[in-house]
Amino acid sequence: MSHNGIDSEHARTALVVVAHHRADSLTAHLARRTVAQLEREGYTVDLLDLRAEGFDARMNTEDQPDWGNREKRYSEETEAHMRRILAADIVIAVFPVYWLHLPALLKGWIDRVWNYGFAYGRSKPRLAGKRMLWLGLAGAAADDVIVEVMQQTLEGSLNLGIAYYCGFSHSAVGLLPDAEERRQRLDANGQLLFDPVTAGAEREAQYSALEAKAEAFVTEFLAADQVPA
């Protein structure tokens, strides 16, 4: 028997990483929906909520790379996170976009855990062949010109600067603008414009559309990995 063209005896595994300081955030909500979607697709999912698990994003001496020793043993916390990444076929990060980049919580996780000798520094990285999806929530309105710049910036830094460098076979960025209840944009003169706060049916439609777009990104990402039955 197969599921999505994959033999059911070889269950697929996913690590979903949520990087937000509030459990009631839209980011956390979409991460939970992503977990449910993956489970419906037959994945065994490990949900890593960085804030809830108390991850410290600050670099420390234990986890500082040693360029002369790629076999360095890092802190127990970092080594545990490494094992969770190794156990996953795919990694999906769900996060708010800050200043066209990752929030400090997620960036610090990559700095400490995606470390020398583990994620890079080898002819064949230990993460080679894994797949990565970055789901970024943006407060900018979908029609703001910054969204195109944001997409290009994230694709360059995340797909190429991180995932490709670490040997991932595929990496994609799913950008989700309109994540704020009050959309904002800059006009041609650089003036900041605010839409009215959405409420009622309009608010429900806005967030339903956001959920559907996030789900579509995950569906497209999974479909790209299908193997003929």
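1. In this predicted model, Trp109 has a relative accessibility of 0% and therefore counts as buried. Trp114 is likewise assigned to the buried class, because its relative accessible area of 4% falls under the 20% limit. The ring centres of Trp109 and Trp114 are 5.9 Å apart and their planes stand at 70 degrees, so the pair is classed as edge-to-face, the angle being over the 60 degrees that this class requires.

2. On the aromatic residues in general, the count comes to seven aromatic pairs. One aromatic cluster is made up of Trp67, Tyr116, Tyr120 and Tyr165.

3. Strand 6, which spans residues 131–137, has seven of its seven residues buried, and it is therefore largely enclosed by the rest of the structure. The burial applies to both faces of the strand: Arg131, Leu133, Leu135 and Leu137 are buried on one side, while Met132, Trp134 and Gly136 are buried on the other. A reader who inspects the side chains may wish to note that Arg131 is listed among these buried residues.

4. What flanks strand 6 in the sheet pairing? Strand 5 (residues 90–96) pairs with strand 6 in the parallel sense, over seven bridges, and within this pairing Ala93 has Trp134 as its bridge partner. Between these two strands the chain passes through helix 3 (residues 104–113), in a β-α-β crossover that is right-handed. Strand 7 (residues 170–176) also pairs with strand 6 in the parallel sense, again over seven bridges, with Met132 standing opposite Ser171 of strand 7. Here the chain runs from strand 6 through helix 4 (residues 146–164) to strand 7, and this β-α-β crossover is right-handed.

5. A further parallel pairing joins strand 3 (residues 13–18) to strand 4 (residues 44–49), over six bridges, and Thr13 stands opposite Thr44 of strand 4. The connection leads from strand 3 through helix 1 to strand 4, as a right-handed β-α-β crossover.

6. Two residues of helix 4 deserve a separate remark. Glu155 lies in helix 4 and is partly exposed, with a relative accessible area of 33%; its C-alpha atom is separated by 9.3 Å from that of Trp134, although the two residues are 21 apart along the chain. Ser157 is also found in helix 4 and is partly exposed at a relative accessible area of 21%, which places Ser157 in that class because buried residues must be under 20%. The C-alpha atoms of Ser157 and Val197 are separated by 32 Å, with their positions 40 residues apart along the chain.

7. The largest pocket has a volume of about 360 Å³. Of its 17 lining residues, those closest to the centre are His20, Leu26, Thr27, Ala179 and Glu180, and the elements that give two or more residues to this lining are helix 1 (26–40) and helix 5 (200–223). By class, the lining of the largest pocket holds eight nonpolar, four polar and five charged residues.

8. The second largest pocket has a volume of about 250 Å³. It is lined by 15 residues, of which Gly139, Ala140, Ile146, Met150 and Gln184 lie nearest its centre. Helix 4 and strand 8 (184–186) each supply at least two residues of this lining, and the largest share, three residues, comes from strand 8. The classes represented in the lining of the second largest pocket are ten nonpolar, two polar and three charged residues.

9. Two backbone positions merit a check by eye, given that most residues other than glycine have a negative phi. Leu100, in the loop between strand 5 and helix 3, has a positive phi near 65 degrees, and at 23% relative accessibility Leu100 counts as partly exposed. Asp178 has a positive phi of about 65 degrees, although it is not a glycine, and its place is in the loop between strand 7 and strand 8. At 17% relative accessibility, Asp178 counts as buried, since the value is under the 20% limit for that class.

Key
Residues numbered from 1 in each chain as written. Predicted model: local features only at pLDDT ≥ 70, side-chain atom pairs only at ≥ 80, totals over all residues. Heavy atoms only, no water. Buried < 20%, exposed > 50% of the residue type's maximum accessible area, 1.4 Å probe, protein only. Helix = DSSP H or I, 4+ residues; strand = E, 2+ residues; numbered from the N terminus. Pairing = 2+ DSSP bridges. Right-handed = clockwise from strand over helix to strand, strands pointing away. 1 Å grid on protein atoms, 1.4 Å probe; cavity = no way out; pocket = protein on both sides within 12 Å on 5 of 7 lines; lining within 4 Å. Points joined across faces, edges and corners; volume = space filled by probe spheres on them. Nonpolar A, V, L, I, M, F, W, Y, C, P; charged D, E, K, R; others polar. Phe/Tyr/Trp six-rings, centres within 6.5 Å; stacked < 30°, edge-to-face > 60°.
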